[in-house]
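Please find below my notes on this entry, written as numbered points. They are meant to be read with the sequence and coordinates open.

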Amino acid sequence: MSSKKSISKMPKINMETHIKNTQNYMQDLFCFIGEDSKREGLIKTPERVAKLHEMLYSGYEIDPNSILDSVFSDGACNEMVVVRDIEFYSMCEHHLLPFFGKISIGYIPDKKVVGISNLSKLVEVFARRLQIQEKLTTQIADTIMHSLKPKGAMVVCEALHLCMAMRGNAKQNSKILTSAVRGLFQQDSRTRMEFMQLIKT
């Protein structure tokens, strides 16, 4: 991704320090669950986990509005634009377990359109953070409204949460559906219905 611009207001530590901190934490974890931290398969696990964090949470380093900076006004249409089934993976902020699924985005331009791939990048920026699905869905819709100033936008997210599938009273196949509706999509039921039909065909 381009347009890197850290938006985090919290002080950051460097990777070397993070690896040491992760090693200390995982040493406690291995002791708690009764594992041998010195066996071959686990010796480098803390370092691998620490480096994985840099990728899983890379969305904090990018200003999402910058993703939609590059717009086209010449010949821009005023009909609905839909990108459906954008795959994403994110981490639940409550249990640090993954949730993943697909997001569909629709918007009605008002003089400005954006490259389709940028909408996929926008999803990834927000997904690569600690999240809850409801917030992820609304953040995408609100950023589109703020950056593109369209006549309306709608985002639908369907996801499977491993915190539901793996723990307690496990629900293996339950999926969560969330939506965010803005502008014309909120005001006109026919516009909402058209979008829903398009993402289901």
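In which sense do strand β2 and strand β3 pair, and over how many bridges?

1. Strand β2, residues 81-92, and strand β3, residues 98-108, pair in the antiparallel sense, and nine bridges join them. Within this pairing Val82 stands opposite Gly106 of β3. It should be kept in mind throughout that the model is predicted.

2. The hairpin of β2 and β3 leaves five residues between the strands, and in it Leu96 adopts a positive phi near 55°. Leu96 is placed in the loop between β2 and β3, and its phi is worth a look when checking the backbone, given that the residue is not a glycine. As general background, most residues other than glycine have a negative phi.

3. Turning to the sheet as a whole, five strands form an open sheet with mixed pairing, and their order is β5-β2-β3-β6-β7. The edges are taken by β5 and by β7 (175-183), each of which pairs on one side only.

4. On one side of this arrangement, β2 pairs with strand β5, residues 130-131, in the parallel sense over two bridges; here Cys92 has Gln131 of β5 as its bridge partner. β3, for its part, pairs with strand β6, residues 152-161, in the antiparallel sense over ten bridges, and Phe100 stands opposite Leu160 of β6.

5. Two helices should be considered together with the sheet. Helix α4 lies across β2, β3 and β5 and runs at about 20° to β2, whereas helix α5 lies across β2, β3, β5, β6 and β7 and runs at about 25° to β7.

6. How do the axes of α4 and α5 meet, and at roughly what angle do they cross? The axes of α4 (residues 116-127) and α5 (residues 133-148) come within 10 Å of each other and cross at roughly 135°, and the two helices are therefore oblique to each other. The crossing in which α4 passes α5 is right-handed.

7. The contact between these helices draws on Leu119, Leu122, Val123, Phe126 and Ala127 from α4, together with Leu136, Gln139, Ile140, Thr143 and Ile144 from α5. Sorted by class, the contact of α4 with α5 comprises eight nonpolar and two polar residues, with no charged residue taking part.

8. A second positive phi deserves the same attention during checking: Lys149, which is not a glycine, has a phi of about 50°. Lys149 sits in the loop between α5 and β6. Is Lys149 buried or exposed, or does it fall between the two? With a relative accessible area of 48%, Lys149 counts as partly exposed, because the exposed class begins only over 50%.

9. A last remark concerns Cys31, which is located in helix α1, residues 15-33. Cys31 has a relative accessible area of 53% and is therefore exposed, the cut-off for that class being over 50%. The C-alpha atoms of Cys31 and Gly152 are separated by 53 Å, and the two residues lie 121 residues apart along the chain.

Technical notes
Residues numbered from 1 in each chain as written. Predicted model: local features only at pLDDT ≥ 70, side-chain atom pairs only at ≥ 80, totals over all residues. Heavy atoms only, no water. Axes fitted to C-alpha atoms, helices over the stretch in contact; angles between N-to-C directions. Helix = DSSP H or I, 4+ residues; strand = E, 2+ residues; numbered from the N terminus. Parallel < 35°, antiparallel > 145°, perpendicular 65-115°, else oblique. Left-handed = near helix turned anticlockwise from the far one by under 90°. Contact = heavy atoms within 4.5 Å. Nonpolar A, V, L, I, M, F, W, Y, C, P; charged D, E, K, R; others polar. Buried < 20%, exposed > 50% of the residue type's maximum accessible area, 1.4 Å probe, protein only. Pairing = 2+ DSSP bridges.
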